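Hi,

Here is the structure I promised to pass on to you. Please open it beside this message, and I will walk you through what turned up.

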Amino acid sequence: MEQVPAPLPGRDALLAALRLQMEWGADEALLDAPADRFAAPPPAPALAAPALARPAPRPASSALIPPPAAAAASLAAGAADLAALKAAIAATDSPLRETATNLVFADGMPESGLMMIGEAPGADEDRLGRPFVGVSGKLLDRMLDSIGLRREENFYLTNILPWRPPGNRTPTDAEINLFLPFLLRHIALVRPRHLVLLGGVSAKALLRAKEGITRLRGRWHAVEGAGDAALPALATLHPAYLLRNPAAKRDAWSDLILLRRTLDGEARRGS
């Protein structure tokens, strides 16, 4: 028997079905045709390989320019004597050179075996071109004279910085790092038997220490990198500090007694 197709729903039936879907929340048509929930899903498209980010190229010249401290170390190592070292320091580019009057290199007796190292020149030192010639330098001379040591015969003086910082400010880490290779070469050329480190800046730079001078003073340390062997170094208070803090002179006197006893003990062993 031939089947007769069912009659299409009328307009009223279609509207009723549409209202029912709207009540259920289906109020928007997303596709042009109904979705076949039983059809196989289409194959997934092939994924393209992700693009790799390339690092920005480095300037070709950056690896060829050594940092200032490395360049200073190269200049210092090439100095065969004190005159050449002084010339190398004078040729080193530093903003301090532009504001200072004179290069302050050293004073005293290089062959004495005792080398004293301060922080930086002051106004009087900058004017005269010699270290420790101002008020604090005169105090240092009197202190050392009290234990029988004289600048012209028994010790040699220099600073970490050869140029005066503007306004006598404390040297920056960058300034210390720039001139430290010259100082180490200076020590190697002079070949002292003992070092005296005057003040916290000198002591912390050469001892590579974080402690302040009040913790470092009063005992012997070892300074490395200024020759074939470590050098004994006594840390003590800077004379400028003693001028501001007279009560600390007792500690400084104790350090001088230790220095004198050490020098005397070495002299007895050598005789």
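How much space lies in the largest pocket? About 510 Å³. Before you go further, please keep in mind that this is a predicted model.

**The chain as a whole**

The protein chain is built with 11 helices and 6 strands. It has 271 residues, and 37% of them count as buried. If you take the contacts between residues at least 6 apart in sequence, 71% of these join residues at least 24 apart. The chain exposes about 17,300 Å², with carbon and sulfur atoms supplying 57% of that area.

**The pockets**

Back to the largest pocket, then. Its lining is made of 24 residues, and those nearest the centre are Glu119, Ala120, His238, Ala240 and Arg244. Helix 5 (123-128), helix 6 and helix 10 (239-244) are the elements that give two or more residues to this lining. By type, the lining residues of the largest pocket are 11 nonpolar, 8 polar and 5 charged.

The second largest pocket holds about 240 Å³ of space. Among the residues that line it are Thr170, Pro171, Asp173, Lys204, Arg208 and Lys210. Which elements each supply at least two residues of that lining? They are helix 7 and helix 8 (200-207). Helix 7 provides the largest share, 4 residues. The lining of the second largest pocket divides into 6 nonpolar, 2 polar and 4 charged residues.

**The cavities**

There are also enclosed spaces to look at: the count comes to 2 cavities of 30 Å³ or more. The largest cavity contains about 90 Å³ of space. It is lined by 13 residues, and Ile89, Thr158, Asn159, Ile160 and His186 are the closest to its centre. Helix 3 (82-91), strand 3 (156-159) and helix 7 (173-190) each give two or more residues to the lining. Helix 7 gives the most here, with 4 residues, and you will recall that helix 7 also brings the largest share to the lining of the second largest pocket. How many charged residues are in the lining of the largest cavity? There are no charged ones; the lining has 10 nonpolar and 3 polar residues.

The second largest cavity has a volume of about 70 Å³. Residues lining it include Met116, Leu140, Met143, Val196, Leu234, Asp255 and Leu259. Here the elements giving two or more residues are helix 6 (135-145), strand 4 (194-198), strand 6 (231-236) and helix 11 (249-270). The lining of this second cavity counts 10 nonpolar residues, 1 polar and 1 charged.

**One residue to look at**

Finally, try finding Leu207, which sits in helix 8. Is Leu207 buried or exposed? Leu207 counts as buried because its relative accessible area is 16%, and the cut-off for buried is under 20%. Leaving aside residues up to four places away in sequence, Leu207 touches Leu197, Leu216, His221, Ala222 and Val223. Of these partners, Ala222 is 15 residues from Leu207 along the chain, and the C-alpha atoms of the two are separated by 7.2 Å.

Happy exploring, and do write back with any questions.

Best wishes

Terms used:
Residues are numbered from 1 along each chain as its sequence is written. This is a predicted model: local features need pLDDT of at least 70, side-chain atom pairs count only at pLDDT 80 or more; totals for chains, interfaces and linings use all residues. Side-chain values use heavy atoms; hydrogens and water are left out. On a 1 Å grid over the protein atoms alone, a cavity is a set of points where a 1.4 Å probe fits but cannot get out, and a pocket is an open set with protein on both sides within 12 Å along at least five of seven lines; lining residues have an atom within 4 Å of a point. Grid points are joined across faces, edges and corners, and a volume is the space filled by probe spheres set on the points. Ala, Val, Leu, Ile, Met, Phe, Trp, Tyr, Cys and Pro count as nonpolar, Asp, Glu, Lys and Arg as charged, and the others, Gly among them, as polar. Buried means under 20% relative accessible area, exposed over 50%, partly exposed in between (1.4 Å probe, protein chains only). Contact means heavy atoms within 4.5 Å. Accessible areas come from the Shrake-Rupley method with a 1.4 Å probe; for residues, only the protein chains shown count as cover.
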